[in-house]
Amino acid sequence: MAIIGVRIDGRLIHGQVANLWVTKLDITRILVVDDEVATNAIEKSGLKLATPAGVKLSVLPVEKAAQNILAGKYDSQRLLVVAKRPDRILELVELGVAIKEVNVGNMSQTSQTKSITKSINVVEKDIEDFERLDQHGVHLVAQMVPSDKAEDFMNLLVK
């Protein structure tokens, strides 16, 4: 399996992902999974600029990402899957992509969110999606940077 890491991060590619996680996991390709971003040329060009030199980037709608992963397109690569919200990862899992663990990173605060940690804020739909991922046997951890201790996200969610 080519998937080395899966991260939910509202910022997609930025310092923590581009420098710390890519280096720690020895990633060769970042796969951003998001239907809206995949059709937004400006956002895609920003992501290309944020991607470290020597690392490939794919920005795909969820269904196309699942097709490519299941077809083995990335099997020779070390893949980091990044999505803004848990619904994208849930859809990948429901389309048959085997995901064992998801690192829940930054999810920004808005007037509609409730705070889980200082950097993870969720709406009710996110909570439902995390619960469904958990029911699919996906282990959810909260870990902002590789040097932080990974915490069981479902334990944080129910507090």
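Biologist: Where is Glu-151 found in this structure, and is Glu-151 buried or exposed, or something in between?

Modeller: Glu-151 is found in strand 9. Keep in mind that this is a predicted model. To read exposure, look at the relative accessible area: under 20% is buried, over 50% is exposed, and values in between are partly exposed. Glu-151 has 40% relative accessibility, so Glu-151 counts as partly exposed.

Biologist: Which residues gather with Glu-151 in a patch of negative charge?

Modeller: On the surface, Glu-151 is joined by Glu-124, Glu-128, Glu-131, Asp-134, Asp-148 and Asp-152 in a patch of negative charge. Two elements each give two or more residues to this patch: helix 5, residues 124-135, and strand 9, residues 151-152.

Biologist: And which element gives the most to the negative patch?

Modeller: That is helix 5, with 4 residues.

Biologist: Let's turn to salt bridges. How many are found in the whole structure?

Modeller: The search finds 9. The idea is to look for a side-chain nitrogen of Lys or Arg within 4 Å of a carboxyl oxygen of Asp or Glu. Take Asp-9: its partner Arg-7 has the closest N and O atoms 3.1 Å apart. Asp-9 also meets the side chain of Arg-11 in a salt bridge, again with an N to O distance of 3.1 Å.

Biologist: Which of these residues are buried, Asp-9, Arg-7 or Arg-11?

Modeller: Asp-9 counts as buried because its relative accessibility is 0%. Arg-7 is buried too, with a relative accessible area of 1%. Arg-11, at 35%, is partly exposed.

Biologist: What does the salt bridge between Lys-84 and Glu-43 look like?

Modeller: The closest N and O atoms of Lys-84 and Glu-43 are 3.4 Å apart. Lys-84 lies in the loop between strand 4 (79-83) and helix 4, while Glu-43 is in helix 2 (residues 41-50), so the pair ties together parts that are 41 residues apart in sequence. Lys-84 is partly exposed, with a relative accessible area of 23%, and Glu-43 is partly exposed at 30%.

Biologist: Which residues do salt bridges with shared partners join into one network?

Modeller: Asp-34, Glu-36, Asp-87 and Arg-88 are joined that way.

Biologist: Now a buried side chain. Where does Leu-92 lie, and what does Leu-92 touch?

Modeller: Leu-92 lies in helix 4, residues 86-94. With 0% relative accessibility, Leu-92 counts as buried. To read contacts, set aside residues up to four places away in sequence; Leu-92 then touches Val-33, Val-62, Ala-65, Ala-66, Val-81, Val-97 and Ile-99.

Biologist: How far apart are Leu-92 and Ser-108 in sequence and in space?

Modeller: They are 16 residues apart in sequence, and their C-alpha atoms are 22 Å apart in space.

Biologist: One last feature: what should I look for in phi angles?

Modeller: Most residues other than glycine have a negative phi, so a positive value is worth a look. Leu-12 has a positive phi near 60 degrees. Leu-12 is found in the loop between strand 1 (3-8) and helix 1 (15-25), and with a relative accessible area of 2% Leu-12 is buried.

Biologist: What is the phi of Asp-26, and where is its place?

Modeller: Asp-26 is not a glycine, yet its phi is positive, at about 55 degrees. Asp-26 sits in the loop between helix 1 and strand 2 (29-33).

Methods
Residues are numbered from 1 along each chain as its sequence is written. This is a predicted model: local features need pLDDT of at least 70, side-chain atom pairs count only at pLDDT 80 or more; totals for chains, interfaces and linings use all residues. Side-chain values use heavy atoms; hydrogens and water are left out. Patches are made of residues with over 30% relative accessible area and no salt bridge: like charges are joined within 9 Å, nonpolar side chains (Val, Leu, Ile, Met, Phe, Trp, Tyr) within 5 Å. Accessible areas come from the Shrake-Rupley method with a 1.4 Å probe; for residues, only the protein chains shown count as cover. Lys and Arg count as positive and Asp and Glu as negative; His and the chain ends are not counted. The place of a charge is taken as NZ of Lys, CZ of Arg, CG of Asp or CD of Glu. Buried means under 20% relative accessible area, exposed over 50%, partly exposed in between (1.4 Å probe, protein chains only). Contact means heavy atoms within 4.5 Å.
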